[in-house]
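Subject: A structure for you to look at

Hi there,

Here is the structure I promised to pass on. Please open it beside this email and follow along as you read.

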Amino acid sequence: VGRPFQEYPERLKRTADLELASGLNRFVIHTSVHQPLDDKKPGFSLGPFGQYFGRQESWAGMAKSWMDYLGRSSYLLQQGQNVADILYLYGENTNITWVAREKLPEIPKGYEFDFVNATALQEAIQAENGKLKAKSGNTYEVLMLDESAILMTLPVLKKIQILADSGVKIIGTRPVKSPSLGDSNAEFQALADQIWAKENVGPDVKITVPADVQITGTSHKIPYRHRKTGSEDIYWLNNRNVEPTTASVSFRVAGKKPMLWNPIDGSVREVSYEIKDGRTTVPLKFESWDAFFIIFRENAAQSSYTLPEKKESTAVEIKGNWKVDFGSKTADFTKLSSWSEHTDPEIKYFSGTASYTTSFNLSQKADQSVYMLDLGEVKNMAEIILNGQNLGIVWKTPFRIDISKALKSGENQLEIRVVNTWVNRLVGDAQPGAQKTTFTTMPFYRADSPLVPSGLLGPVKVLRVD
């Protein structure tokens, strides 16, 4: 809201991942404005609200890689059932939107929860072997009460009595009264006293089952989700930080081999692990705002495994002259810099896709090595073509892509197509005497609005991984 045409996949990912961390597993386009005219760009809008999602968005042509990320993430998080140890009753005098208006409820570290309301608690939850069981088949170790449940109607209190009598652990403060004038206060107080006298009920009751996920070795916040099918444990983890980090992650799973599934490119790879005392510990590296899956599917053939250490070195630094084609004009960039810093107004205010071309020399390609192209900083997305082969799109930090299959010894021809947002062109069209080339239904930007960094900023390197 209030940032028209400034959003792009790398930044949108932070919000999308936060929703995935909260349990969402399906994205729906709430409203997308119809864009019937090809010559009016960016086109019609919804005023200052929301993130525009239309075919005239500057980066629409590269958006498939972003949609693939959302699709893969959603698909895996729809498998099986959600695993949570805590059933969280958010109270009768409030709602989820209000309870989670600033942050999610504070629960013991290493556990997840599902929300439940009073009606579902009474009608869909039963006690079974000292645990809670929902009609869906999901089971929970404890019932946790929100602070607003200090006011509770008598029927809900009676349901809690049934659960408590069956041995279910209940974490929460004793309710003080019913908000209903139809409930007997004397009956309420006597029942509450009886329930909260039990050892398995009270604010200090502990969860006895081991934590589902334990994360050590990092100061970063790393939320997780856990889904379980008949044969798989699917964990999703997310680094909520712009800086990369490493962490040791211990999962409540034993006997199965963990594999890392990357929703950005669909790749699957092995990870190091150790199985001990009913848990599997995996050392993991998280990139900036990274999110990926650790999936336990196949039986482990051994109790521990260590990946061979990888050595990364710079094979080529691409510092030469870049020819950049902006469509209506070309320019030579002897040094990579933001288009917004250029003296030519057609480049300074350019919005769209520009093509960078250059050549570089690789003395000798090692057949057993993996070669990565690292673009450094990119504003905002890039498509890589090497020696005529389209290798795909990169849209988040680190802007890296495997170029091994297209790279050759000797001279290589490189093309990098970079797209930015509409902001700079809209600011340019607001300049006094400017010949407008854009159309919007509101004047979002003024002549003195700040420009945003755009283009390939680098440094660009070919990295060799052995």
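Below is what turned up, taken topic by topic.

Before anything else, please keep in mind that this is a predicted model.

**The largest pocket**

A good place to begin is the largest pocket, which has a volume of about 1,800 Å³. Its lining is made of 42 residues, and those closest to its centre are N262, D265, R269, E287 and M372. Several elements each give two or more residues to this lining: helix 2 (64–77), strand 16 (268–270), strand 18 (279–286), strand 25 (370–374), strand 28 and strand 29 (400–402). Which strand gives the most to the lining of the largest pocket? Strand 28 does, with 4 residues. By residue type, the lining of the largest pocket divides into 18 nonpolar, 8 polar and 16 charged.

**Strand 28 and its hairpin**

Strand 28 (residues 389–394) is also worth finding for its pairing: strand 27 (residues 381–386) runs antiparallel to it, and 5 bridges join the two. One pair to look for is A382 with its bridge partner V394 in strand 28. Together, strand 27 and strand 28 form a hairpin with 2 residues between them. N387, in the turn, has a positive phi of about 50°.

**Two open sheets**

Next, look for an open sheet of 5 strands in the order 11-14-18-17-20, with antiparallel pairing. Strand 11 (213–216) and strand 20 (304–305) stand at its edges with a single partner strand each, so one side of each has no neighbour in the sheet. Strand 20 is joined to strand 17 (residues 273–276) by 2 bridges, and E274 has S304 as its bridge partner there. Strand 18 of this sheet is also among the elements that line the largest pocket.

Another open sheet has 3 strands, ordered 5-6-7, and its pairing is antiparallel too. Its edge strands are strand 5 (125–128) and strand 7 (139–140), each pairing on one side only. Strand 6 (residues 131–134) and strand 7 are joined by 2 bridges, with L132 opposite Y140.

**A pair of helices**

Two packed helices are described by the angle between their axes and the distance between the axes. For helix 5 (residues 154–165) and helix 6 (residues 185–196), the axes come within 10 Å and cross at roughly 25°. Why do helix 5 and helix 6 count as roughly parallel? Angles under 35 degrees are given that name, and the crossing is at roughly 25°, so helix 5 and helix 6 are roughly parallel to each other. Their crossing is left-handed.

**A cavity, and some backbone details**

The search found 1 cavity of 30 Å³ or more, with a volume of about 40 Å³. Its lining consists of R3, P4, F5, Q6, E7, G50, Q51, Y52 and E57, which divide into 3 nonpolar, 3 polar and 3 charged residues.

Most residues other than glycine have a negative phi, and most peptide bonds are trans. F5, one of the cavity-lining residues, has a positive phi of about 60° although it is not a glycine. You will find F5 in the segment before helix 1 (9–21).

There are cis peptide bonds to look at as well. One joins K41 and P42, with omega about 0°, and P42 is in strand 1 (residues 42–43). Another runs from T397 to P398, with omega near -5°; P398 is in the loop between strand 28 and strand 29.

Happy exploring, and best wishes!

How values were computed
Residues numbered from 1 in each chain as written. Predicted model: local features only at pLDDT ≥ 70, side-chain atom pairs only at ≥ 80, totals over all residues. Heavy atoms only, no water. Pairing = 2+ DSSP bridges. 1 Å grid on protein atoms, 1.4 Å probe; cavity = no way out; pocket = protein on both sides within 12 Å on 5 of 7 lines; lining within 4 Å. Points joined across faces, edges and corners; volume = space filled by probe spheres on them. Nonpolar A, V, L, I, M, F, W, Y, C, P; charged D, E, K, R; others polar. Axes fitted to C-alpha atoms, helices over the stretch in contact; angles between N-to-C directions. Parallel < 35°, antiparallel > 145°, perpendicular 65-115°, else oblique. Left-handed = near helix turned anticlockwise from the far one by under 90°.
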